[in-house]
Amino acid sequence: MHLKAVAPNRPRAFALRGIVWTFFIIYFLTGRGHALAQMPMQMDGPAGSLTDNVLRHSSSGTSLEPDSTNPPMLMEMHKDWMLMLHGQASIAEQQQTGPRGADKLFSVNWAMGMAQRNWSRSELTLRTMLSLEPATISGRYYPELFQQGETAFGKPIVDGQHPHNLFMEIATLYDLKLGEHALFTLYAGPVGDPSLGPVAFPHRASASEDPLAPLGHHLEDSTHIAYDVATGGLTLGKVRIEASGFHGREPDENRWHIEVGALDSWATRLTAAPGKDWTMQYSVGHLHSPEQLHPEEDVLRQTASIGYHHGWAGEHGVILDGLLLWGRNHTIGTPTNANGYLFEATTHLWDRHSIWTRIENVDRTTDLLGAAAPAEETVVGRVQAYTGGYAHHLYANRYGVAELGAQATFYDTPWPLRGLYGDHPVGVAAVLNLHLGK
């Protein structure tokens, strides 16, 4: 099958570059007259309000963890700029049972660098996120039973998760404070995360120890690496509304480059923070031709989530992060709906132990049938996956933490797929987690 490359759209590309340059013009117009009175940066410790939380910009795109979350960061002031760095890497040895089980040693990883400068009413943020997964995951995917989405060597990935791109994000953010609890935000970049879904799984605290992608990734947060993204957002009190335009096609198999495409897709998200430990979001987006193997299909995606963070007995006591998430893809023009439900949580105990779980109930499609799959993709059944893991802290200093542990995932196979997978396959993984800035 010949896959058509994404065609550059020069007017759209120039328009996006114009937005970025507009940010810098605003930067000079609003910044030079307010250099004496600084808008406070609140990166270290919990945020005092939703507005302060937005200004931290510590997650991918413009997504938010609860206000009480303490983002892991290495920070240093350089003249008028706050420089920040954080990231993580997991080395996993994965082994799986059943007719389709596979084994592999691989690493998932990312690092995010950020520079911020602010004035009395405005803030400029420059941010990039990089991953070496194209080099640390051989064969263009790592094994994960029942996982699907994107391609490897021109074929659908079945029972595996693709690596992330070298360039996960290159973006500029500009914030203008409209009042004590009102904030206007612009976000744009050639690679970025539009306003669709919760914090993406590589970056959210509730999934920080689990090296595997959720089975519902392509129903919930797969747009966290999108091309030619532009977002506008307004924060008022405890509520935030955003809208994005972006290129809907998912990245191709060349994970080392940046693609260019038309702004042919859109998304909007409503976020609420009813209390300092809670964040809630509902988002909806229209994805134009997201899948290379189904280029004629457009998708309407909806997601809703509730995130939680709380600590007991101080900074070095017990810390709990949790997420409840629903995602749904509707293939436009067909009756096909695919739903995914997820609960995950991670607990850190006295800087010595990490315990985590993930429970999923996710629709799977005919792509899992491989060569026997029909031309039209439909849902064939719903998979349940139950994961539990534990890691012990081996070493920690002011730069980060190293942990060694293991996890196991137990699957319940829907009856149409039991001849291919068995009734209850299992996956186990030994994991070395390295956290930078934690």
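Threonine 366 is buried, with a relative accessible area of just 4%. That value comes from a predicted model. Threonine 366 counts as buried because its 4% falls under the 20% cut-off. Where does threonine 366 lie? It sits in the loop between S16 and S17. Setting aside neighbours within four places in sequence, threonine 366 is in contact with Ala373, Pro374, Glu376, Glu377, Thr378 and Val380.

**The strands around this loop**

Take S16 first. Strand S16 covers residues 353-365, and strand S15 covers residues 337-349. The two run antiparallel, joined by 10 bridges. One pairing matches alanine 345 with threonine 357 in S16. S15 and S16 form a hairpin with 3 residues between the strands. There, tryptophan 350 takes a positive phi near 50°.

S16 also pairs with strand S17, residues 379-397. How many bridges connect S16 and S17? The count is 13, and the pairing is antiparallel. Histidine 353 has histidine 392 in S17 as its bridge partner. A general point helps when viewing these strands. In a regular strand, side chains alternate between the two faces of the sheet.

**Salt bridges**

The whole structure holds 14 salt bridges. Three of them are listed here with the separation of their closest N and O atoms.

| Salt bridge | Closest N and O atoms |
|---|---|
| Glutamate 150 and arginine 255 | 2.6 Å |
| Aspartate 363 and arginine 382 | 2.8 Å |
| Arginine 418 and aspartate 412 | 3.3 Å |

Start with glutamate 150 and arginine 255, which form a salt bridge. The pair links distant parts of the chain, 105 residues apart. Glutamate 150 is in strand S5, residues 142-152. Arginine 255 is in the loop between strand S10 (239-247) and strand S11 (265-272). Are these two residues buried or exposed? Both glutamate 150 and arginine 255 are buried.

Next, aspartate 363 forms a salt bridge with arginine 382. This pair joins S16, which holds aspartate 363, to S17, which holds arginine 382. The partners are 19 residues apart. Aspartate 363 is buried, at 8% relative accessible area. Arginine 382 is partly exposed, at 30%.

Last in the table, arginine 418 bridges to aspartate 412. Arginine 418 is partly exposed, at 33% relative accessibility. Aspartate 412 is partly exposed too, with a relative accessible area of 23%.

Some charged residues join into a group. Which residues are linked in a network of salt bridges? They are Arg204, Asp210, Asp221, Glu344 and Arg358.

Methods: Residues numbered from 1 in each chain as written. Predicted model: local features only at pLDDT ≥ 70, side-chain atom pairs only at ≥ 80, totals over all residues. Heavy atoms only, no water. Pairing = 2+ DSSP bridges. Helix = DSSP H or I, 4+ residues; strand = E, 2+ residues; numbered from the N terminus. Buried < 20%, exposed > 50% of the residue type's maximum accessible area, 1.4 Å probe, protein only. Contact = heavy atoms within 4.5 Å. Salt bridge = Lys/Arg side-chain N within 4 Å of Asp/Glu carboxyl O.
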